[in-house]
Each structure stands twice: as C-alpha cells, then as structure tokens.
Amino acid sequence: MKILKILPLIILLIVLTPARSFADMPDISAGETYFDVLKGYYVLKDNVHVVIKNHGVTATITANEAKVNVLTQKCWAEGNVNLTHDKETFSCDRAYLQWKTKTAEVIGNVKFKSKKVMSVTSETAVFNWSEKIVDFYGNIKVKAEKNLKLEDGLKVEKKIYSHVKYNVIENKILQLEEDADAPNIEIPDPDDDKESVENEAN
C-alpha cells in the first residue's frame, strides 16, 4: 500500500526533473490545483495565476482555468484571460502560450493595451515576444495617440481592418490591411500534445 501511495510522487519527480534543466519552473497558484500524472500537466481552477519566466523575460497569465505542461513548456488558459508582458496587456476568452517558441495565441474578444499609447480590439492575435511583434486578425479597431509610429504610406483611419502588424518595442504599426485573409488560429487540445507523447516515449 505504501508503494502505491509513493508511486505518483515518483512519477511526478521524473516528469519535473528534466523540465528544470531547460527552463525555469513557472510560478503557479489557483483556488484548486492538482497534477494529472497520466496526462502530464497541472490543472488549475479559480483565480488562476501563472508566471512564466524564460531567459529573463516574464509573462503573467490570470484566468478562470488553465492547464500547464512544464515538460513541453506550454500553457492553455480559458475564461477571463489576461496576459501581461512588460508594458503590454491582452485580455481574451482563451490563450495558448509556448515559452520555448516565445509565442502566445489569443482568441475571442481580444483587447490589447500598451502603455505606449496604443489599444486594439480584434477577434484573434498572435504575439511573438522574442521578435516583439503582434499580428491582429479579424474585425480590428485601432485607437492610437499621436506618438504612434507608422510605416511609410500608412494612416490609421476609422475603419475595420482585417490584419494589423505592430512592433511593441518601436511602438510602430508595420501593416494595416482591410481585405487580408485571416489565418485559422486554433488552440490545440492539451491531451493531443504530440511533443508530450514523444517525450514520454523517449
């Protein structure tokens, strides 16, 4: 009986040990937290708070629910999601972060605010925090102050855009498109994480 009680702890240590070798462990807290040993990820519910640290860069996520796989370095968040990175904040219905690739995909009622006097609403967005570029897609409205920079030939008007590319470091809009085809951004199911399956097989 003692062996059966200790076995989940042993498995947990096996899963977490390699994760520490290539990334800082995220800080995780929630009203309800447990580790799903069979699926290899943390399940968080109510007042979720996750802080991801990657080579000196920090991203903070709050949400109603989340799943975090420290082995594959991914986070799935859902319900009243807020993602804060440096001076930028996204709010949305769902978000998917991969801190190995330094990307975040946000979906549903996306609202973006920057302390560099820029705000955007859109259907979806993809943020690459390594390159400091955000691509917004679908029913985009841009609210900008005079300090906003624009690529030559661009002008922000009271229009609905289909694609906007923004550099958060330079506070500069690189593209404004009205008729661009938006990519189909879908958040994968954490249970179908192929990378996690491959790691377990190895």
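In which strand is the place of Ser114? I looked this up before anything else, keeping in mind that the model is predicted, and I found Ser114 in strand β7, which covers residues 103-114.

**Entry on Ser114.** I noted that Ser114 is buried, because its relative accessible area is 9% and buried means under 20%. Setting aside the neighbours within four places in sequence, I found Ser114 in contact with Lys87, Glu88 and Tyr166.

**Entry on strand pairing.** I then followed β7 to its partner and saw that β7 and β8 run antiparallel and are joined by 10 bridges, with Lys111 standing opposite Thr121 in β8. On going further I found that β8 also pairs with strand β9 (residues 133-144), again in the antiparallel sense, over 9 bridges, and here Ala125 stands opposite Phe136 in β9. I wrote down that β8 and β9 form a hairpin with 4 residues between them, and that Lys132 in the turn has a positive phi of about 65°.

**Entry on the nonpolar cores.** Which residues have the most contacts inside the largest nonpolar core? I found that this core has 42 residues and that the answer is Phe90, Leu97 and Phe136. I listed the contacts of Phe136 beyond four places in sequence, and they include Phe90, Phe112, Val120, Ala125, Val164 and Tyr166. Apart from the largest core I noted another one, of 6 residues, among them Tyr96, Tyr137, Ile185 and Ile187. My course notes say that in soluble globular proteins nonpolar side chains tend to be buried together.

**Entry on aromatic rings.** How many aromatic pairs does a search of the whole structure find? I recorded 7 of them. One of these is the tilted pair of Phe90 and Phe127, with 5.5 Å centre to centre and 40° between the planes. Phe90 lies in strand β6 (residues 88-98) and Phe127 in strand β8 (residues 118-128), so this pair ties together parts that are 37 residues apart in sequence. Phe127 forms another tilted pair with Trp129, at 6.4 Å centre to centre and 55° between the planes. I checked burial as well, and Phe90 and Phe127 are both buried, as is Trp129. Ring pairs link Phe90, Phe112, Phe127, Trp129, Phe136 and Tyr166 into a cluster.

**Entry on salt bridges.** I counted 6 salt bridges in the whole structure and looked at some of them in turn. The side chains of Asp135 and Lys165 meet at 2.9 Å, N to O, and this pair links distant parts of the chain, since Asp135 is in strand β9 and Lys165 in strand β11 (residues 161-167), 30 residues apart. Is Asp135 buried or exposed? I found Asp135 buried, with a relative accessible area of 12%, whereas Lys165, at 21%, counts as partly exposed.

I next saw that Glu157 forms a salt bridge with Lys159, their closest N and O atoms being 3.1 Å apart, and that Lys159 also meets Glu178, at 3.2 Å, N to O. Lys159 lies in the loop between β10 and β11 and Glu178 in the loop between β12 and α2, so the pair ties together parts that are 19 residues apart in sequence. Glu157, Lys159 and Glu178 are thus linked in a network of salt bridges.

**Entry on cysteines.** I ended with the disulfides and found a count of 0. Cys75 is buried, at 0% relative accessible area, and Cys92 is buried too, at 6%.

Definitions and conventions
Residues numbered from 1 in each chain as written. Predicted model: local features only at pLDDT ≥ 70, side-chain atom pairs only at ≥ 80, totals over all residues. Heavy atoms only, no water. Disulfide = S-S within 2.5 Å. Buried < 20%, exposed > 50% of the residue type's maximum accessible area, 1.4 Å probe, protein only. Helix = DSSP H or I, 4+ residues; strand = E, 2+ residues; numbered from the N terminus. Contact = heavy atoms within 4.5 Å. Core = buried A, V, L, I, M, F, W, Y, C linked by side-chain atoms within 4.5 Å. Phe/Tyr/Trp six-rings, centres within 6.5 Å; stacked < 30°, edge-to-face > 60°. Pairing = 2+ DSSP bridges. Salt bridge = Lys/Arg side-chain N within 4 Å of Asp/Glu carboxyl O.
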